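Reader: I'm new to this one and would like a close look at a single part. Could you walk me through it slowly?

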Amino acid sequence: MWRAILLTAIPLLLLGLINPSSENAYLSGERRELFKEIERELERYDFFKRENNEYEKKEDDNDENASVIDDEDVDPDDPDMQLLLSMGVVENGVLKHPEGLHPEESKRVKAEGLYRTIETEEEKDKEGEPGREKRKKRNFGPNWPNWPKGIVPFVIDSSLVANRKYFLQAVELFHNLTCIRWKPRSPEVEAEVGHKGYTLVRNRTSCSSGVGFSGDGEHIINLMEPGCGSVGVAVHEMLHRIGQRHEHTRSDRDRYVQIRWDRIDQKNQYNYHRRLTYNRNPYDIGSIMQYGYGAGHAVELRDKNLLFLVFPSNQLLSFYDIKDVLDQYDCTAHCKTPQRCQNEGYVNAECKCTCPMGFTGTTCETIITDPDCGGFVQLQETDPSLKRDKYITVTSPNYPGPVGQGKICRWAIKAPAGYIIKMTIDDLHMAYNPDTLRCYHWLEIQYNLPGQPGVRRCGDIVGEKFFTSVDSPTLMIVTMDTKFAGHKASHKGFKLHFEKEREGIHCSNAP
Ligand SMILES: [Zn+2]
């Protein structure tokens, strides 16, 4: 339903965005063709998945979903690629990952090899430079100014042909999710913003952009053809243009990633230097600004379980990417009485709560789960009269009988402030394909950040443990899914237990 409205609205909006008097205006035939292409692309990218039932598509076609689990070779650009990469099958006590996946062959990952950031003389804030540390506040940073009024005037150069549609889709995405407005340059827009600065989008040698706003004159975004042809690449470069740095160059990155300098050409090393950044939101491995599978594996994660997050998600802008833009450009300043969003949701540019996936309601107070299972689990403050903390056990429906097909059960586990949550899988048996090592049914564990998808587990598990991260210590979300490949016979399900520990005892889930 939303998609239908969106698809109707977009060509109209874009018509309004394109200035017909510009020297780069489209011919009407070309424009019509462009809109058709945009519609097809939107079908693929499914921007509104978060607002809709996330399982809508999956519910539709269990057979098609099961084929993604069963097929030896999966298209590297398959929309379910990140889901598959998140799976871990435990067989005879050994954790194994799916076979036959080639994320490095994906179009979007390959584009990473073409990423460059255009440096300017003013940007002398690199790692190790003395005298700058004091200015460190908290991937926006103090040295890359905002575009006034959050408006970015743009001109599409005549050299850009095939990638126009991706740029314009990204314009629309910013419009829908943030308060940033990309507007075709015109005398009216110049008067509105009060300067003569604009972004020139063109087809040149790399996927690249300078960072931030630097006054009058042109600001370049390069989207080379072919090579940089996806909405994700356009969004990445446009985020640079509005002031966003790479996630792996954040000042706090060393807690999350390790840079393999030995794998980086000398001439590209500046793309990996640590920067002075605000870090207003948690470090997000799933950010569209994080390098990963491509670019020679130069960025290694400290928590290897989370590698799947580096694969470009279909959401393009992650939950925290959006929040970063909202914060940097004060997108909620106009909200008179902002909502108090719960469960780590945040107020968006429309003054409503954006909830982590799995929550809904005006203030994200409701957990999305089947009615006969799941819910909130509160770990209590320790009772001093007890020798040992009580822990809370959660079992799948009908445990230890078969868990049943076609179910989504979600639990949100909460701890008091000052603690982290520890989950132990006492016993888990969930259906999988032993040849491809992929899960038909699974338990998703969001231990790192509620706004990120979690790792998925199936097979036969005894004793595996997960801890919440220091960035979101008091909330863990676990979701049982027997719906994706719903017609597969279910196994007996699981028994988990949760307890709280003092923060600081455990550093990481990874060895
Ligand atoms: Zn970049």
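Which residues does UniProt place under the feature "binding site"? Please take me through that part.

Author: Sure. Keep in mind that this is a predicted model. The UniProt record, an unreviewed entry, puts the "binding site" feature at His-236, His-240 and His-246. From this set, His-236 belongs to the lining of the largest cavity.

Let's stay with His-236 for a moment. You'll find His-236 in helix α9. Its relative accessibility is 1%, so His-236 counts as buried, the cut-off for that being under 20%. As for its company, leave aside residues up to four places away in sequence, and His-236 touches Tyr-115, His-246, Ile-288, Met-289 and Tyr-291. Notice that His-246, one of those contacts, is also on UniProt's "binding site" list.

Now for His-240, another name on that list. His-240 lies in helix α9 too, and it counts as buried because its relative accessibility is 1%.

There's one more residue to look at in this helix. For "active site", UniProt lists Glu-237, again in an unreviewed entry. Glu-237 sits in helix α9, which covers residues 231-241. With a relative accessibility of 0%, Glu-237 therefore counts as buried. What does its side chain reach? That would be the backbone nitrogen of Ser-209, at 3.3 Å.

So, to pull the helix together: α9 holds Glu-237 from the "active site" annotation, along with His-236 and His-240 from the "binding site" one.

Methods
Residues numbered from 1 in each chain as written. Predicted model: local features only at pLDDT ≥ 70, side-chain atom pairs only at ≥ 80, totals over all residues. Heavy atoms only, no water. UniProt positions renumbered as here; feature names shortened; annotations may be inferred. Helix = DSSP H or I, 4+ residues; strand = E, 2+ residues; numbered from the N terminus. Buried < 20%, exposed > 50% of the residue type's maximum accessible area, 1.4 Å probe, protein only. Polar contact = N/O pair within 3.5 Å; in protein donor to acceptor, adjacent residues only side chain to side chain. 1 Å grid on protein atoms, 1.4 Å probe; cavity = no way out; pocket = protein on both sides within 12 Å on 5 of 7 lines; lining within 4 Å. Contact = heavy atoms within 4.5 Å.
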